Amino acid sequence: MRRRRFLKQVGGGVAVGGLAGCISSPGGGDSDPLRVATYPAFVDAVSTEAGGWVKQEFEARYDRELRWFAPEQELDYFIQRAQAGVEIDADMYLGLTPTDLARTDTNLDRDLFQPLDTGAIEGYDGVIDSLLFDPQDRVVPVGTSYVSLVYDAEALDAPPTTFEDLVDPAYAGDLLLSSPDGSQTGLDFLYWTIHNYGEDGYLDYWDRLVDNDVRILGSWNAAYGAYSNAQRPMVVSFSTDQIYAVQYDQPMHRHQVGFLDGQGYAYIDGIGKFANADRPAAADDFVEFLLEPSVNAEIAKRNIGQPTVEDATLPPDLQELTYTPEERVLFGYDRLKGNVADWVDAWSKQVAGS
Amino acid sequence: MVETGGGQLTRVGRRGREWLERHALAVVGALTAALLVVFFFYPVFTVLLEAVRTPMGWTGELFVALFRSEFYFGWFATLVTAPGTAVADAGAWLAALLADPIDAIPAVTPGTMGLFVFTAVQALLSTVASVVLGVPAAYILARYEFRGRETIRSLTALPFVMPSIVVAIGFVATFGRTGVLNEILVAVGVDRLGVMYTLELIVLAHAFYNAPLVARVTTAAWESVDASLVETARSLGARPQRSFVDVVAPQLVPAVLTGALLTFVFTFLTFPIVLTLGGFQLSTVEVWVYHEVQQLDYGEAAALAVLETVVSLGLTYAYLRYEAAQRRVQRAVRPRDRRRFRAATPLARVAIAGYAAVAAVVFLLPMGSMVLASLTDASGPTLAHYAFLVQRQTEAFAFQVQPFAAVLNSLLFAAGTLVLAVPMGVAVAVLSTRGGRGRRLLEAAAMAPFAVSGIVVGLGLLRGLVFGVSVAGHRLQVTGALAIVAAHAVAAYPFVTRNVSPMLARIDPQVVESARSLGASRIRALLHVELPLVVSGVVAGAAFAFAISMGEFDATVILATGGDYYTMPVAIERYTGRQLGPATAMGSILLGVTAVSFVVIDRVGGVFDRG
């Protein structure tokens, strides 16, 4: 590895030397910082911030500065820049979901991200196959989990185990959700109901959910916050919740994980390289870095998720706290593209009008 | 040579001063207009235009679709799309109303209500609640003398600065299932209240924000009631009730209506509090603007925002017309003496105590519960949440939001906002006080910053200022600290204007004219004659301007993108996550810093008032 990097640096130096002859101010210089955009929680969240560690570790290993940029509007910030015809001003985006990619391609008439030369990226072969969601190889998965129920075992006699249970009066007024408008978790739960009840049936199912007094709050933060405040005994969140509980000394009975109908909806996010990235080689380095098993596992631990490469494992005490459903549900890029806005719109009108 | 040159310079300097003195108001007015254009009208118009502009050309289709949509306009839409059903619905509605009026009250309209009517209804309920909770506070603060009165008065605007995340935390800690109120109810043997995620709780949260606004504006008006007028009425045999109705009330009503108008507009445009304390089922129009922006459907978002603006600015304009008609000239005011609390009648004392109890539950408990939450965790008292802030301060990476920097930025931006917003607000008040019908329109336009969807303003700032405009091959961007201050000032100055304008209008124009005829420039007359008479309005407006800046989130987070200009509300938002503790600790610091600032503002203002 060390030898390889040495060669790469020399190679990079030569390339820049060659460019420097024709461009007076080389934008992709060897020592320029790599600018990685991400969602704010990745760098700033109270309990689960992974950004600082990633920056230090990458800079130490690759001798290149990493500069985080975490706009409040997350990926929409860049979609809007592209719509306004303004340059993107970043090399990569960390935290891309299948929905993000589908929305980007639906709303822009040019590519925001570029396909990666996956053959040249060391460690790409180690990525768990079932997590690869982009047919065009623009995104490499970095973190994963399942969307599931998180419930308080002391407040519920028996947790619901099926979607039909959720509309049973026995669980009336028990569930907290985050809105598909403001959170990926909310969107994933919506897709999950479409998967199980079909495009013709999911709105009827939601009618029954609303009749059973579920509460849909503005963001995952709001829903999880209300749950941790004991407003209601269950919330739709992630199957990796106990990784948080054990690291932060939280009572385990309040962090029980439940799947529905034996299923969990796969949450996946990854990293992509902007189409006009100024530092494409450094960007590839960063992808390799994120796929290194030890790094991949450390990020999973800090970001309360699971690794995305086969050789990466969480520490044993955390590993035994992760849960896998019998069946995995995931809408891929092709299923999502062109459909997300219609589904969310129909859902919103139905629920807000009720 | 030297002397002559110096003399010329002096002459030039003096001429410059004279020119400035003559045109000072116009200069401040022009500056206000320039800031409004750059930081409000231009960015907002670029977004709103999308309601009527498509790549194919201009169109009104979006509005037609909105008006025909039962989702947005309920029964009113069916009047156009299905008149037969509409008439049948109206008949059934009337029959139900006549049969059992009490039972039919929740059905505000025939058929379905629609998003717009629902939004207006919740705003109306919130306005009523704010007036009901705010006016008694004004009465007590204006008419009674008791220890701590001035401090309480200074702190009335405190709820105003609390970011919605913090209000939500405080409200959950107070009214939630295991909240303080329910624990008290259980302790005294009463059933738990289930108010979480109801319209009632949203209305209460709106009152928490806006009743202080009503109280503050009304207190100022109550204090400026002329004692001699009341005494005259009494000496002519009017009973206290009669003198209240004839003398005091006419001066209070415009102030109460000002507070009511501001409350209605605010709550008509409400957004985050609805999704946090109510849930998606209780969506308002502004939630829908957010929804459309999230779907990147700017056309529909813009069309909705235009309709919101028509409602809020239309109301503002109607109110300004009313206010102008109410204006009556008043000569020097001699304030009435405040009653000692102990001298109050037993009935009054019981009423005041009852109100104090309600106010404690609505205003103090949520803030107190949040401070309490910042000092406790599941296992009892702790300083861990503050330790986190210290750690973020000392060990944070450069790219993270640091607490002390956030405090400092907040104070700097708020001070800068005061420096800009007070002259702007006063200038607009002066320029619009005297004049005819056209001025009312201009005055309404000057109030626009608080009458336009916050989401649209944010989107406009992002696209217009952060992304920048191409001018002659260069990209012109406006971001950073000064941009944040300017954006805050634009959002804040209408509060100065609204507090100052009615008081200014009561000053006898002859007072100003006689000062002018004695050779005083317009600005001197303003500084030496008019302003001293309206200091209490300026101070109240300044407090709210400060509060607006301290609590501002949307514009700040957008204009701070990529820089180190984060304020306390931004820090609070960034520190939320699985644990609420650090956010409550930061929220408590915000409360503390703002409380001290308010007391300082009022004391400094008080010095001017007496001087």
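## Exercises on a predicted two-chain model

Between chain A and chain B about 4900 Å² of area is buried, and carbon and sulfur atoms give 54% of that area. The model is a predicted one, and each exercise below is followed by its solution.

### Exercise 1. The interface

Determine how many residues each chain brings to the contact, and describe the salt bridge that Asp44(A) forms.

Solution.

Step 1. Chain A contributes 67 residues to the contact, and chain B contributes 50 residues.

Step 2. Four salt bridges are found across the interface of chain A and chain B. Over all chains, the structure holds 36 salt bridges.

Step 3. Asp44(A) pairs with Arg392(B), and the closest N and O atoms of this salt bridge are 3.3 Å apart. Asp44(A) belongs to helix H2 (residues 40–44) of chain A and Arg392(B) to helix H17 of chain B, so the pair joins two chains.

Step 4. Burial is assigned under 20% relative accessible area. Asp44(A), at 0% relative accessibility, is therefore buried. Arg392(B) has a relative accessible area of 7% and is therefore buried.

Step 5. A salt bridge is also formed by the side chains of Glu72(A) and Arg574(B), with an N to O distance of 3.1 Å.

### Exercise 2. Salt bridges within a chain

For the pair Arg232(A) and Asp213(A), state the N to O distance, locate both residues, and decide whether Arg232(A) is buried or exposed.

Solution.

Step 1. The side chains of Arg232(A) and Asp213(A) form a salt bridge of 3.2 Å, N to O.

Step 2. This pair links distant parts of the chain, its members being 19 residues apart. Arg232(A) lies in the loop between H8 and strand E8 (234–238) of chain A, while Asp213(A) lies in the loop between helix H7 (184–211) and strand E7 (215–217) of chain A.

Step 3. With a relative accessible area of 8%, Arg232(A) is buried. Asp213(A), with a relative accessible area of 30%, is partly exposed.

Step 4. In chain B, Glu145(B) and Arg149(B) form a salt bridge whose closest N and O atoms are 3.3 Å apart. Glu145(B) counts as partly exposed at 32% relative accessibility, whereas Arg149(B) is buried at a relative accessible area of 6%.

Step 5. Salt bridges that share partners also create one network, which joins Asp32(A), Arg35(A), Asp89(A), Asp91(A), Asp278(A) and Arg279(A).

### Exercise 3. The largest pocket

Give the volume of the largest pocket, and identify which element gives the most to its lining.

Solution.

Step 1. The volume of the largest pocket is about 1400 Å³. Its lining consists of 47 residues, of which Asp377(B), His385(B), Gln579(B), Leu580(B) and Gly581(B) are the closest to the centre.

Step 2. Elements of both chains supply at least two residues each to this lining: helix H3 (51–62) and helix H8 (220–228) of chain A, and helix H8 (164–175), helix H16 (346–374), strand E5 (376–377), helix H17 (384–395) and helix H27 (581–610) of chain B.

Step 3. The most is given by H17(B), which supplies seven residues to the lining.

Step 4. Sorted by class, the lining comprises 21 nonpolar, 18 polar and eight charged residues.

### Exercise 4. Helix H11(A) and the loop after it

List the buried residues of H11(A), and state where Gln306(A) is placed and what it touches.

Solution.

Step 1. The residues Val295(A), Asn296(A), Ala297(A), Glu298(A), Ile299(A) and Ala300(A) of H11(A) are buried. Their cover includes H2, H3, strand E5 (139–151) and helix H10 (280–291) of chain A.

Step 2. Ile304(A) follows H11(A) and has a positive phi, near 55°.

Step 3. Gln306(A) is placed in the loop between helix H11 (293–302) and helix H12 (316–319) of chain A. Its relative accessibility is 14%, so Gln306(A) counts as buried.

Step 4. Residues up to four places away in sequence being left out, Gln306(A) touches Gly143(A), Thr144(A), Tyr146(A), Ser239(A), Thr240(A), Ala300(A), Thr322(A) and Tyr323(A). Ala300(A), one of these partners, is also one of the buried residues of H11(A).

### Exercise 5. Val121(B)

Decide whether Val121(B) is buried or partly exposed, and name its contacts.

Solution.

Step 1. Val121(B) is part of helix H6 (residues 115–143) of chain B.

Step 2. The relative accessible area of Val121(B) is 21%, so this residue is partly exposed.

Step 3. Apart from neighbours within four places in sequence, Val121(B) contacts Val108(B) and Met113(B).

Technical notes:
Residues are numbered from 1 along each chain as its sequence is written. Chains are lettered from A and ligands numbered from 1 in the order in which they are written. This is a predicted model: local features need pLDDT of at least 70, side-chain atom pairs count only at pLDDT 80 or more; totals for chains, interfaces and linings use all residues. Side-chain values use heavy atoms; hydrogens and water are left out. Helices (H or I, at least four residues) and strands (E, at least two) are DSSP runs, numbered from the N terminus. Buried means under 20% relative accessible area, exposed over 50%, partly exposed in between (1.4 Å probe, protein chains only). Contact means heavy atoms within 4.5 Å. On a 1 Å grid over the protein atoms alone, a cavity is a set of points where a 1.4 Å probe fits but cannot get out, and a pocket is an open set with protein on both sides within 12 Å along at least five of seven lines; lining residues have an atom within 4 Å of a point. Grid points are joined across faces, edges and corners, and a volume is the space filled by probe spheres set on the points. Ala, Val, Leu, Ile, Met, Phe, Trp, Tyr, Cys and Pro count as nonpolar, Asp, Glu, Lys and Arg as charged, and the others, Gly among them, as polar. Buried area is the accessible area (1.4 Å probe) that two parts lose on being put together, summed over both.
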